[in-house]
Amino acid sequence: MFTLNGIVYASEKPENIQILSAKPLDDMMMLLTFSTGEQRLFDATILNGPAFAPLSDEKIFKDCKIVDGVVTWMDEDIDCAPEYMYEHSYTYPSLKSAI
């Protein structure tokens, strides 16, 4: 159990996770590689609110970069916490596990 920002969580505190690479795909999907070594598929359509509205433009969405382990867009005006992206992404089989 741990407390973060005044909220008590029953699980163990997650490790400090970072994103090492992000490959934007069609339909606002991203293939992310995390500092854990895992590759995971993230559906960015779940990013709601006016702050994320520009991402609906495919050109803006696909023009992302990693800054200090965080995916950013529009010269760092938009970003998303790596912990959130990890928690809301899906396991993606890597080539290593397929061999």
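**Exercise 1.** In this predicted model, determine in which sense β7 and strand β8 pair, and over how many bridges.

*Solution.* Step 1: Locate strand β8 at residues 78-80. Step 2: Compare its direction with that of β7; the two strands pair in the antiparallel sense, and three bridges connect them. Step 3: Take one position as an illustration: Val 71 stands opposite Cys 80, which belongs to β8. Step 4: Examine the link. β7 and β8 form a hairpin with four residues between them, and in this turn Met 74 has a positive phi of about 50 degrees.

**Exercise 2.** Describe how strand β6 is joined to strand β7.

*Solution.* Step 1: Identify the strands: β6 covers residues 64-67 and β7 covers residues 70-73. Step 2: Establish the pairing. The strands run antiparallel and are joined by four bridges. Step 3: Find a partner: Lys 65 has Thr 72 in β7 as its bridge partner. Step 4: Consider the turn. The hairpin of β6 and β7 has two residues between the strands, and Asp 68 takes a positive phi near 50 degrees there.

**Exercise 3.** Place these hairpins within the whole chain: state how many helices and strands the chain has, and in which pattern they follow one another.

*Solution.* Step 1: Count the elements; the chain contains three helices and nine strands. Step 2: Read along the sequence to obtain the pattern β-β-β-β-β-α-β-β-β-α-β-α.

**Exercise 4.** State what percentage of the residues in the chain is buried, and which atoms supply 53% of the exposed area.

*Solution.* Step 1: Of the 99 residues, 30% are buried. Step 2: The chain exposes about 6,800 Å², of which carbon and sulfur atoms supply 53%.

Technical notes:
Residues are numbered from 1 along each chain as its sequence is written. This is a predicted model: local features need pLDDT of at least 70, side-chain atom pairs count only at pLDDT 80 or more; totals for chains, interfaces and linings use all residues. Side-chain values use heavy atoms; hydrogens and water are left out. Two strands pair if DSSP finds at least two bridges between them. Buried means under 20% relative accessible area, exposed over 50%, partly exposed in between (1.4 Å probe, protein chains only). Accessible areas come from the Shrake-Rupley method with a 1.4 Å probe; for residues, only the protein chains shown count as cover.
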